Amino acid sequence: MTGAAGGSSDLSRRLRELPAVDRVAGALNGTVPHRTRTGVARRAIDEAREQIRGGGTDPSFDEVVARAEELVHARDRSLLQPVINATGVLIHTNLGRVPLGPRQLDAVKAIAESYSNLEYELDSGRRGDRYTHARALVASLTGAESALIVNNNAAAVLVVLAALSSGHEVIVSRGELIEIGGEFRVPEVISASGARLVEIGTTNRTHLADYERAITPDTATILKVHPSNYRLVGFTATVEARELARLARARKVTFVHDLGSGLVEAPPEAPWAAVEPPITAAIEEGADVVTFSGDKLLGGPQAGVVAGRRSLLDKISKHPLVRAVRVDKMTLAALEVTLAMYLEGTADQLPLWQMATVPLGELEARARDLATRLSGSGMRAEAVRCHSVTGGGSLPGAEIDSWGVALSHADRSTAELERALRFRTPPVIARIEGDRLVLDLRTVTPPQDQILCELRHL
């Protein structure tokens, strides 16, 4: 009993000797907010307390402070911050899809720092509709009668089906029941809308007759989903949108075409993008409603665009879900400028298309110069020919010729080198190929080359 009591007394003493929260917080960088310093100090002391109770050694004051500093750095790394995308993935979902350009950012700043006519009609002095501003631009660009903007393309499909098909059947080919990322799947979106999924055909082959047989008095919609994030090859068959539009009109059901990526037109310098169906073609082929993303091949902010017949868009706009998935003024500002640039013929100035179409010779020259400047002090750098990809669930299998710099280090493994780049300010995100780390320059802006030069000091 005495021994046990003595052990308990010793443990209590060791715990009491841990530094106070204020003392640890006071030892941290004074530029860190006081509340943050207090929070990490308390957590570091709690960890030290658990260490002692678990039979570990008593950490010194400096060790507790060092742990608190680590927690501050971890907090900072977890916050949103700019990174250098050296992966070669143009539309990188994990890195925020595509960057916005000067005109888009200027529009966001102008609207964000002031009051605006977001829901106000300047002509009449009455309350207006926040979608009026973008609606005319979408209509002019796509040929649609009307449009609606929501927060992403999944929301666009959801609200369309909820408004037009809830409680009724939606016919979809099995080959188009895709997963759109983050384990969000078309069947689940349909279910959430209140509609009932009717699967037709097989994974690789669906015919017009399959659609014809599936239509019943309870059918509300034929949904065609462009499989933009995978490609099916071999013994395959799909039904063209124009045929589905004719069938839908004849049988008096709605034809909805989910395009996903939102391509307006493939630039001549990017022939690899020509396989993607453009928005204008989907409208011309007779779709009643078309949905697409604003932040993929459109090159704008995250948004979902619904375009199509005015009578249907009026009905969709009145659905309660629209309020839940609406976009804010900053998104609308960036999107409107993006659409205007296409109408003006200046879409080649969007960062997405600037990166996608930069001449190969220019990338090679930058790669060779950067490799020369990075070599030395244990770092080995070589200019290499490589391939970029579109990413973001667009144009699967399409490769874009590129140039980059392959790195290796005399004293560090490739994995260690990759981690060291991620922990820099700004973080550099690259890709591992074999035993080397590749910096693909297609997704690196020329001004960022100077920042990459500093990697030679790793």
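Okay, one definition before we start: two strands pair if DSSP finds at least two bridges between them. With that in hand, take β3 and β5, which run parallel and are joined by three bridges. In that pairing, Ile171 stands opposite Ile222 in β5. Keep Ile222 in mind, as we'll come back to that residue.

A word on what we're looking at. This is a predicted model, with a mean pLDDT of 92 for the protein, and 96% of the residues score at least 70. Confidence is lowest in helix α1, residues 2–16, where the mean is 76. At the other end, helix α5, residues 102–112, has the highest, at 98.

Now the sheet. It's an open one with seven strands, and the order reads β2-β8-β7-β6-β5-β3-β4, with mixed pairing. Which strands sit at the edges? Those are β2, 146–150, and β4, 196–200, each pairing on one side only. From one strand to the next, the twist averages 20 degrees.

Let's zoom in on β5, residues 219–225. On the β6 side, five bridges join β5 to β6, residues 254–260, and those two run parallel. Lys224 is the residue that stands opposite His257 in β6. Is β5 covered or open? Mostly covered: seven of its seven residues are buried.

Helices lie across this sheet too. Helix α7 lies across β2, β3, β5, β6, β7 and β8, and runs at about 160 degrees to β7. Then there's α12, residues 310–317, which lies across β2, β6, β7 and β8, at about 30 degrees to β2.

So to the packing. The largest nonpolar core has 89 residues, and the members touching the most others are Ile149, Ile222, Trp272, Ile316 and Trp353. Which element gives this core its largest share? That's helix α7, residues 153–165, with eight residues. There is also a second, separate core of 27 residues, and among its members are Ala367, Ala430, Leu452 and Cys453.

Back to Ile222, as promised. Skipping its neighbours within four places in sequence, Ile222 is in contact with Ile171, Tyr211, Ile215, Leu244, Leu247, Ala248, Val253, Thr254, Phe255 and Val256.

Some of those names belong to helix α10, residues 241–251, so here's that helix. Its buried residues are Ala241, Leu244, Ala245, Leu247 and Ala248. Looking down the axis of α10, they fall within an arc of 165 degrees, so they line one face of the helix. The general rule behind that kind of pattern is that an α-helix has 3.6 residues a turn, so residues three or four places apart point the same way. What do the buried residues of α10 pack against? They pack against α9, 208–214, along with β5 and β6. The face turned away from the buried side of α10 carries the exposed residues Arg249 and Ala250. And right after α10 comes Lys252, with a positive phi near 60 degrees.

Last stop, Ala144, in the loop between α6, 132–142, and β2. Why does Ala144 count as buried? Because its relative accessibility is 8%, and the cut-off for buried is under 20%. Leaving out residues up to four places away in sequence, Ala144 touches Ala139, Ile283, Ala307 and Gly308. One more pair for the viewer: the C-alpha atoms of Ala144 and Ile279 are separated by 9.6 Å, with the two residues 135 apart along the chain.

That's my tour, thanks.

Technical notes. Residues numbered from 1 in each chain as written. Predicted model: local features only at pLDDT ≥ 70, side-chain atom pairs only at ≥ 80, totals over all residues. Heavy atoms only, no water. Core = buried A, V, L, I, M, F, W, Y, C linked by side-chain atoms within 4.5 Å. Buried < 20%, exposed > 50% of the residue type's maximum accessible area, 1.4 Å probe, protein only. Helix = DSSP H or I, 4+ residues; strand = E, 2+ residues; numbered from the N terminus. Contact = heavy atoms within 4.5 Å. Axes fitted to C-alpha atoms, helices over the stretch in contact; angles between N-to-C directions. pLDDT = per-residue confidence, 0-100. Arc of directions from axis to C-beta.
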